[in-house]
Amino acid sequence: ITMTMNALLAAGDQVIAMEPCYQVLQEIARSRNCEVVPWAARFNEATSLFEYDLTDLTELFSAAGARRPKMLILNTPHNPTGYHFYGKQAPAGGSAVGEILRLCAESGTIVFSDEMYGRILQDFQSASGERLFHTFAGLSNTIVLSGLSKPQGLP
């Protein structure tokens, strides 16, 4: 995390980060004197779950104006809420992942996706048979953090 952010971020850069998130993800950006803008989870009364609203993310990108965000920090599946974007729909239709990638591509924003818990979900399916987890790995302008410590219980 440190090497990646030190290489890609500079003082004054704007970083949008899911909140809450693994604290280090925000603090390293702050240590680089970046402006960290939180993308806060909302409690959905109907589902009794915390969720991330793509309309909020779109507004954060719009508010940045000409000062486009340098990086979007995702934590998916999210710790501690368990929220993930896979299979979710964007407000205007299409997939949530597609909408995130579209917003970032239009502004030249790097996606940093912390997927440390992703492998835990890789073998699970929804009731309709869709896999619950798909990685951002290999997608344009993305960096993925993953490892064996969470899914394999390694130190």
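This passage describes the fold of a predicted protein model, then its central strand and several individual residues.

The model is predicted, and its confidence varies along the chain. The mean pLDDT of the protein chain is 80. A value of 70 or more is reached by 70% of the residues. Confidence is highest in strand 2, residues 35-40, at a mean of 95. It is lowest in helix 5, residues 118-121, where the mean is 59.

The protein chain contains five helices and seven strands. Read from the N terminus, the order of elements is α-β-α-β-β-β-α-β-α-β-α-β. The chain has 155 residues, and 37% of them are buried. Its exposed surface is about 8100 Å². Carbon and sulfur atoms supply 53% of that surface. Contacts across the sequence were also counted. Of those between residues at least 6 apart in sequence, 60% join residues at least 24 apart.

Strand 5 covers residues 71-75. Five of its five residues are buried, so the strand is largely enclosed by the rest of the structure. In a regular strand, side chains alternate between the two faces of the sheet. Strand 5 can be read in this way: Met 71, Ile 73 and Asn 75 point one way. Leu 72 and Leu 74 point the other way. Residues of both sets are buried.

Strand 5 pairs with strand 1 and with strand 6. Strand 1, residues 14-19, runs parallel to strand 5 and is joined to it by three bridges. In this pairing, Ile 16 stands opposite Leu 72. Strand 6, residues 110-114, also runs parallel to strand 5. Five bridges join these two strands. Here Asn 75 of strand 5 stands opposite Asp 114 of strand 6.

Thr 109 lies in the loop between helix 4, residues 96-107, and strand 6. Thr 109 has a relative accessible area of 0%, so it counts as buried. Its contacts beyond four places in sequence include Met 71 and Leu 72. Arg 68, Pro 69 and Lys 70 are also among them. Phe 61, Cys 104 and Asn 141 complete the list. The side chain of Thr 109 also makes a polar contact with the side chain of Ser 107, at 2.6 Å.

Cys 34 occupies the loop between helix 2, residues 23-31, and strand 2. With a relative accessible area of 8%, Cys 34 is buried, because the cut-off is 20%. Leaving aside neighbours within four places in sequence, Cys 34 is in contact with Leu 9, Ala 10, Gly 12, Asp 13, Val 15 and Ala 29. The C-alpha atom of Cys 34 is separated by 9.5 Å from that of Lys 70. Along the chain, these two residues are 36 residues apart.

The structure holds two aromatic pairs. One of them is formed by Trp 39 and Tyr 52. The ring centres are 5.4 Å apart and the planes meet at 70 degrees, so this pair is edge-to-face. The pair links distant parts of the chain, with the two residues 13 apart. Trp 39 belongs to strand 2. Tyr 52 sits in the loop between strand 4, residues 49-51, and helix 3, residues 54-64. Trp 39 is buried, with a relative accessible area of 0%. Tyr 52 is buried too, at 4%.

Backbone geometry was examined next. Most residues other than glycine have a negative phi, and most peptide bonds are trans. A cis peptide bond joins Glu 19 and Pro 20, with omega at about 5 degrees. Pro 20 is placed in the loop between strand 1 and helix 2. Asn 33 has a positive phi of about 65 degrees, although it is not a glycine. Asn 33 is found in the loop between helix 2 and strand 2. With a relative accessible area of 56%, Asn 33 is exposed, whereas Cys 34 in that loop is buried. Ser 48, another residue other than glycine, has a positive phi near 60 degrees. Ser 48 lies in the loop between strand 3, residues 42-44, and strand 4.

Notes:
Residues numbered from 1 in each chain as written. Heavy atoms only, no water. pLDDT = per-residue confidence, 0-100. Helix = DSSP H or I, 4+ residues; strand = E, 2+ residues; numbered from the N terminus. Buried < 20%, exposed > 50% of the residue type's maximum accessible area, 1.4 Å probe, protein only. Pairing = 2+ DSSP bridges. Contact = heavy atoms within 4.5 Å. Areas by Shrake-Rupley, 256 points an atom, 1.4 Å probe, with all protein chains shown as cover. Phe/Tyr/Trp six-rings, centres within 6.5 Å; stacked < 30°, edge-to-face > 60°. Polar contact = N/O pair within 3.5 Å; in protein donor to acceptor, adjacent residues only side chain to side chain.
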